Amino acid sequence: MTGNVLALGIGIAALGVALGLGLIGYSALQGMSRQPEAIGKLQTVMLIAFAFVELVFLLTVFVVPGAMPR
């Protein structure tokens, strides 16, 4: 039972990360197309947002299984 819940949770986390990364990329590209002069600033913000989203997923994958009761 615990393994099923863990697999479901990781799957939901992966789905959330995929949606988040897609929205970040979409929004950044829209902003870059509207204001080409701000590409450098937008890329920096986009990469920081990517890093935070990936961090949440990595914490989910590596920390949550260790915290689950056996």
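Colleague: What share of the 70 residues in the chain is buried?

Modeller: Buried residues make up 16% of the chain. A residue is buried under 20% relative accessible area, exposed over 50% and partly exposed in between, using a 1.4 Å probe and protein chains only. Bear in mind that this is a predicted model, where local features need pLDDT of at least 70 and side-chain atom pairs need 80 or more, while totals for chains, interfaces and linings use all residues. Residues are numbered from 1 along each chain as its sequence is written, and side-chain values use heavy atoms, with hydrogens and water left out.

Colleague: Why is Thr60 called buried?

Modeller: Its relative accessible area is 19%, and the limit is under 20%, so Thr60 qualifies as buried. Thr60 sits in helix 2, residues 39-62. A polar atom of the Thr60 side chain lies 2.8 Å from the backbone oxygen of Val56. Leaving out residues up to four places away in sequence, Thr60 touches Ala13 and Pro65, where contact means heavy atoms within 4.5 Å.

Colleague: And why does Asn4 count as exposed?

Modeller: Asn4 has 59% relative accessibility, and exposed starts over 50%, so the label fits. Asn4 belongs to helix 1, residues 2-34.

Colleague: Which label does Gln35 get, and why?

Modeller: Gln35 is partly exposed, because its 43% falls between the two limits. Gln35 lies in the loop between helix 1 and helix 2. From Gln35 to Phe62 the C-alpha distance is 39 Å, with their positions 27 residues apart in sequence.

Colleague: How many helices and strands does the chain have, and what makes a run count as one?

Modeller: There are three helices and zero strands, and the order along the sequence reads α-α-α. Helices are DSSP runs of H or I with at least four residues, strands are runs of E with at least two, and numbering starts at the N terminus.

Colleague: How do you know that the chain is more spread out than a compact globule?

Modeller: The chain's radius of gyration is 16 Å, well over the 11 Å from the globule rule for 70 residues, so the chain is more spread out than a compact globule. The radius is taken over C-alpha atoms, and the rule is 2.2 Å times the number of residues to the power 0.38. The C-alpha trace spans about 55 × 15 × 5 Å along its principal axes.

Colleague: What makes the length of helix 1 close to expectation?

Modeller: Helix 1 has 33 residues and reaches 48 Å from first C-alpha to last, close to the 48 Å expected. That expected span is 1.5 Å times one less than the number of residues. Within helix 1, the C-alpha atoms of Asn4 and Leu23 are 29 Å apart, at a sequence separation of 19 residues.

Colleague: Which residues form the largest nonpolar core, and what makes it one?

Modeller: It has eight residues: Ala13, Val17, Ile24, Ala28, Met32, Met46, Val53 and Phe57. Helix 1 and helix 2 each give at least two of them, and helix 1 brings the largest share, five residues. Such a core is a set of buried Ala, Val, Leu, Ile, Met, Phe, Trp, Tyr and Cys residues joined through side-chain atoms within 4.5 Å.

Colleague: Which helix do the buried residues of helix 1 pack against?

Modeller: They pack against helix 2. Ile24 is one of those buried residues, and beyond its neighbours within four places it contacts Met46, Ala49, Phe50 and Val53.

Definitions and conventions: A polar contact is a pair of N or O atoms within 3.5 Å; within protein, one must be able to donate a hydrogen and the other to accept it, and residues adjacent in sequence count only if both atoms are side-chain atoms.
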